[in-house]
Amino acid sequence: MRASKIVGLGHYVPEQVVTNEYLSTLMDTNDAWIVERTGIKERRWMNPATDTVGNMAAKATRMALQRANLTEKDIEFIVFATITSDYYFPGSGVILQRELGLEGIGALDIKNACSGFIYALSIADQFIKTGMYKTVLVIGAEIQSTALDVTTRGRNTAVIFGDGAGAAILQASDKAGVLSTHLHADGRFAEELYVKDPGSSRPREERQPEQFLDTSGFKVHMNGNQVFKHAVVRFMEVINEALAANGMKKEDINLLVPHQANLRISQYIQEKLALRDDQVYNNIMRYGNTTAASIPIAMSEAWAEGKMKENDVICLAAFGSGFTWASALIRW
Ligand code: COA
């Protein structure tokens, strides 16, 4: 059976490093609180003069293409996961397509927040398995710093989220690569982690410019406790589902690359799966939570550090806004 394989990984993060100490000058918070609750030391924020979601994704793509020894012209389709596209519409897929000079090829946007990259990977995998495409570019990229409330009112989210982009090139292969993907959602919790505006649910009379003097609807709202409680349960469920579907046990996992939501969540999963420190890749300390970008950035770094070797079983898992959650099991 035709399978799909990741043949190249790349990433890009903005140059501007934002430390916990710097955030403490903007809001009532401190390094000790942030590190203890989230594990984050610093994150990256975009530079409005140079960074867009589209061009960060293009930089990540070029790194992935170079590592795969491919060129832009090899890409037949783009699946782009983001909740922070450059415009409200159109989505980021077309912007990236333009950046790469690939006019004419299809581009699809996925808005599944922190699970977005695995959803995107799953879609690309299906397109390759059916024979529709041979080479698909899968992206997770976010600029979240512009939607954060960086006052004390927004401190529970402002300290968590960061900006960045990751890319994976998926190609048809006769050897196993992506073994399975499992995708889930529960919309009953949609408002536990969301940005309300500019949603169409806002009536016309509330859309007058003066109404937008209250811009809180444009900021990230998160019920952190609810998210945490559901995340630890769903992460485990969806990883176990992936293992069971492939007749594997937790001992078969060589490397877990979890969505970088919160270091405490990753540590909880690590303990449940009885994995050693070197079997779980975490970089949330340096980048914060970059939503759809976190898994491909982490994979790109893990690959560069030689942590993904031929034949290894790599497990990806994510949980986030929606709520949505997902896993992928990959034979490297
Ligand atoms: N600095 C200092 N104090 C802060 C703070 C900050 N950045 N953010 C919140 N606090 C305060 C709260 O105001 C609250 O104060 P109070 O007790 O006087 O009311 C106190 O810390 C505890 O707040 P709480 O929200 O209960 O903290 P918590 O232990 O749940 O930790 C999170 C908050 C956000 C770190 C935690 O809930 C979490 O990580 N949740 C999951 C988030 C996540 O993974 N999101 C991404 C999903 S993809």
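# A guided tour from Ile78 to the ligand

Begin by selecting Ile78, which is placed in strand 4, residues 77–81. The model on display is a predicted one. With a relative accessibility of 0%, Ile78 counts as buried, because the cut-off for that class is under 20%.

Next, show the surroundings of Ile78. When neighbours within four places in sequence are set aside, its contacts are Gly93, Leu96, Gln97, Ile105, Gly106, Ala107, Leu108 and Leu137. Then add Ile123 to the selection. Ile123 stands 45 residues from Ile78 in sequence, and the C-alpha atoms of the two are 10 Å apart in space.

Now widen the view to the domains. Colour residues 3–175 as domain 1 and residues 179–331 as domain 2, following the domain assignment of the protein. The C-alpha centres of domain 1 and domain 2 are separated by 13 Å. To display the contact between them, select the 50 residues that domain 1 contributes and the 51 residues that domain 2 contributes.

Turn then to the ligand. Which residues come nearest to the ligand? Among the 23 residues around it, they are Thr29, Arg37, Arg155, Asn225 and Asn262. Three of these names merit a distance label in the viewer:

- Arg37: a polar side-chain atom of this residue is 2.6 Å from an oxygen atom of the ligand.
- Arg155: an N or O atom in its side chain lies 2.9 Å from a ligand oxygen atom.
- Asn225: the separation between an N or O atom of its side chain and an oxygen atom of the ligand is 2.9 Å.

A surface calculation adds to this picture: on its own the ligand has 950 Å² of accessible area, of which the protein covers 72%.

Proceed by selecting the secondary-structure elements that give two or more residues to the shell around the ligand. These are helix 2 (31–38), helix 6 (155–158), helix 7 (224–245) and strand 12 (313–320). Which share of the shell is the largest? Helix 7 supplies it, with 4 residues.

Colour the shell by residue class as the next step. The shell around the ligand comprises 11 nonpolar, 9 polar and 3 charged residues.

Finally, restore the domain colours while keeping the shell selected. Domain 1 (3–175) and domain 2 (179–331) each provide at least three residues of the shell around the ligand. The tour may close with the ligand, Arg37 and helix 7 in view: Arg37 places a polar side-chain atom 2.6 Å from a ligand oxygen atom, and helix 7 gives the largest share of the shell.

Methods: Residues numbered from 1 in each chain as written. Predicted model: local features only at pLDDT ≥ 70, side-chain atom pairs only at ≥ 80, totals over all residues. Heavy atoms only, no water. Near = heavy atom within 4 Å. Polar contact = N/O pair within 3.5 Å; in protein donor to acceptor, adjacent residues only side chain to side chain. Areas by Shrake-Rupley, 256 points an atom, 1.4 Å probe, with all protein chains shown as cover. Nonpolar A, V, L, I, M, F, W, Y, C, P; charged D, E, K, R; others polar. Domains from an automatic or database assignment. Buried < 20%, exposed > 50% of the residue type's maximum accessible area, 1.4 Å probe, protein only. Contact = heavy atoms within 4.5 Å.
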